Amino acid sequence: QVQLVESGGGLVQPGGSLRLSCVASGRGFSVSAMGWYRQAPGKQRELVARITNDGSTNYANSVKGRFTISRDKAKNTLYLQMNSLKPEDTAVYYCNQHGRILGKQYDDWGQGTQVTVSS
């Protein structure tokens, strides 16, 4: 069964930190990349950070230098360390895994975890 389970969201003051985790299961070696996306109220879902199987990463300009994505393949877990949080980082954060099986690409999504940055 394909499953992505996020945790670690919550309420934090501006300037604070949070670490999101996403435990993945069900796809095995077909996954080629994993990432974090977010969606704020009234806005489209956007890419926050992404990591490929070879360890290459890319980040949205708005989070560069503040967020770090990492992956523990042995634990099938994806992380997002978020530092120096700003009110504009408030959103629901979604874990994503992307891959290909029998020539067909797929994208799996978690249920999302709320991050609220407010004083």
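Which residue stands opposite valine 115 in β11? Alanine 91 does, and this briefing works outward from there. The model is predicted, so local features need pLDDT of at least 70, side-chain atom pairs count only at pLDDT 80 or more, and totals for chains, interfaces and linings use all residues. Residues are numbered from 1 along each chain as its sequence is written, and side-chain values use heavy atoms, with hydrogens and water left out.

**The chain overall**

- You get zero helices and eleven strands here, where helices (H or I, at least four residues) and strands (E, at least two) are DSSP runs numbered from the N terminus.
- The radius of gyration, taken over C-alpha atoms, is 14 Å, close to the 14 Å from the globule rule for 119 residues, so the chain is as compact as a globular protein of that length. That rule is 2.2 Å times the number of residues to the power 0.38.
- Lined up along the principal axes, the C-alpha atoms fill a box of roughly 50 × 25 × 25 Å.
- Buried residues (under 20% relative accessible area, with exposed over 50% and partly exposed in between; 1.4 Å probe, protein chains only) make up 39% of the 119.
- Take contacts (heavy atoms within 4.5 Å) between residues at least 6 apart in sequence: 55% of them join residues at least 24 apart.
- Accessible surface, from the Shrake-Rupley method with a 1.4 Å probe, comes to about 6500 Å², and 47% of that belongs to carbon and sulfur atoms.

**Around β11**

- Side chains alternate along β11 (residues 113–117): Thr113, Val115 and Val117 point to one face and are buried, while Gln114 and Thr116 point to the other and are not.
- β9 (residues 91–101) runs antiparallel to β11, with three bridges joining the two. For strands to count as paired, DSSP has to find at least two bridges between them.
- β2 (residues 10–12) also pairs with β11, over three bridges but in the parallel sense; there, leucine 11 has threonine 116 as its bridge partner.

**The four-stranded sheet**

- An open sheet with antiparallel pairing has the strand order β1-β3-β8-β7.
- β1 (3–7) and β7 sit at the edges with a single partner strand each, so one side of each is left without a neighbour in the sheet.
- On average, neighbouring strands of this sheet are turned by 15 degrees against each other, direction ignored; the axes are lines fitted to C-alpha atoms (for helices, over the stretch in contact), with angles running from 0 to 180 degrees between N-to-C directions.
- Six bridges hold the antiparallel pair of β3 (residues 18–25) and β8 (residues 77–82), and cysteine 22 stands opposite leucine 78 in β8.
- β7 and β8 are likewise antiparallel, joined by six bridges, and isoleucine 69 faces leucine 80 in β8.
- The hairpin of β7 and β8 has four residues between its strands, and asparagine 76 in it takes a positive phi near 50 degrees.

**The loop between β6 and β7**

- Arginine 66 lies in this loop, between β6 (57–59) and β7 (67–72), and counts as buried because its relative accessibility is 10%.
- The arginine 66 side chain reaches the backbone oxygen of serine 62 at 2.8 Å.
- Leaving out residues up to four places away in sequence, arginine 66 touches Gln81, Met82, Asn83, Ser84, Leu85, Lys86 and Asp89.
- Lysine 64 is in the loop too, and its side chain makes a polar contact with the side chain of asparagine 61 (3.1 Å). Polar contact here means a pair of N or O atoms within 3.5 Å; within protein, one must be able to donate a hydrogen and the other to accept it, and residues adjacent in sequence count only if both atoms are side-chain atoms.
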